[in-house]
Amino acid sequence: CEIKKDADRAQFVAAEFTRLGAKADRAAVGCLVEAFAGDLAELAAACDQIASDALGNPITKEFVDTYY
C-alpha cells in the first residue's frame, strides 16, 4: 500500500501511535512524515521504535529529533 499525500501519511502515523498505545503531538507526527517520505514499512517501524523508547511518555518533536 502506498500513501502519497502528507496528510494521509500523518493520519497513518497517528493511527500507528494509537495502535501502539502512545501519544504523539502534531509536531512529532509531522517530523516523522518528513523524515520518511518513501516507505510505509520504514515509517511504521520508526513509530514502533519511538513508541517503545518513549516508555509511555508523550512523544514530542524534540524526542523524534533525537532519532531522525
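Modeller: In this predicted model, a helix is a DSSP run of H or I with at least four residues, and helices are numbered from the N terminus. With that in mind, A24 can be placed in the loop between α1 and α2.

Biologist: How many residues does helix α1 have, and how far does it reach from its first C-alpha to its last?

Modeller: Helix α1 runs over residues 6–19, which makes 14 residues, and it reaches 20 Å from its first C-alpha to its last, close to the 20 Å expected at 1.5 Å a residue.

Biologist: Which residues of α1 are buried, and which exposed residues are on the face turned away from them?

Modeller: The general idea is that an α-helix has 3.6 residues a turn, so residues three or four places apart point the same way. In α1 the buried residues are R9, V13, E16 and F17. They cover an arc of only 95° around the axis, which puts them on the same side of α1. The face turned away from that buried side carries the exposed residues A7, Q11, T18 and R19, while the cover over the buried residues includes α2 (26–35) and α3 (40–54).

Biologist: Is R9 buried or exposed, and what does R9 touch?

Modeller: Buried means under 20% relative accessible area, and R9, at 1% relative accessibility, counts as buried. Not counting residues up to four places away in sequence, R9 touches I3, K4, V33, F36, A37, G38, L40 and L43. For V33 there is a further detail, since its backbone oxygen lies 3.1 Å from a polar atom of the R9 side chain.

Biologist: Which side chain is joined to that of E16 by a polar contact?

Modeller: The side chain of R19 is joined to that of E16 by a polar contact of 2.9 Å. E16 itself is buried, with a relative accessible area of 11%, and, leaving out residues up to four places away in sequence, E16 touches A44 and C47.

Biologist: What comes just after α1, and where does A24 make contact?

Modeller: Just after α1, G21 takes a positive phi of about 75°. Further along, A24 in the loop between α1 and α2 is partly exposed, with a relative accessible area of 28%. Once its neighbours within four places in sequence are set aside, A24 is in contact with F17, V29 and I59, and of these F17 is one of the buried residues of α1. The C-alpha atoms of A24 and D6, which are 18 residues apart along the chain, are separated by 17 Å.

Definitions and conventions
Residues numbered from 1 in each chain as written. Predicted model: local features only at pLDDT ≥ 70, side-chain atom pairs only at ≥ 80, totals over all residues. Heavy atoms only, no water. Helix = DSSP H or I, 4+ residues; strand = E, 2+ residues; numbered from the N terminus. Expected span 1.5 Å × (residues − 1). Buried < 20%, exposed > 50% of the residue type's maximum accessible area, 1.4 Å probe, protein only. Arc of directions from axis to C-beta. Contact = heavy atoms within 4.5 Å. Polar contact = N/O pair within 3.5 Å; in protein donor to acceptor, adjacent residues only side chain to side chain.
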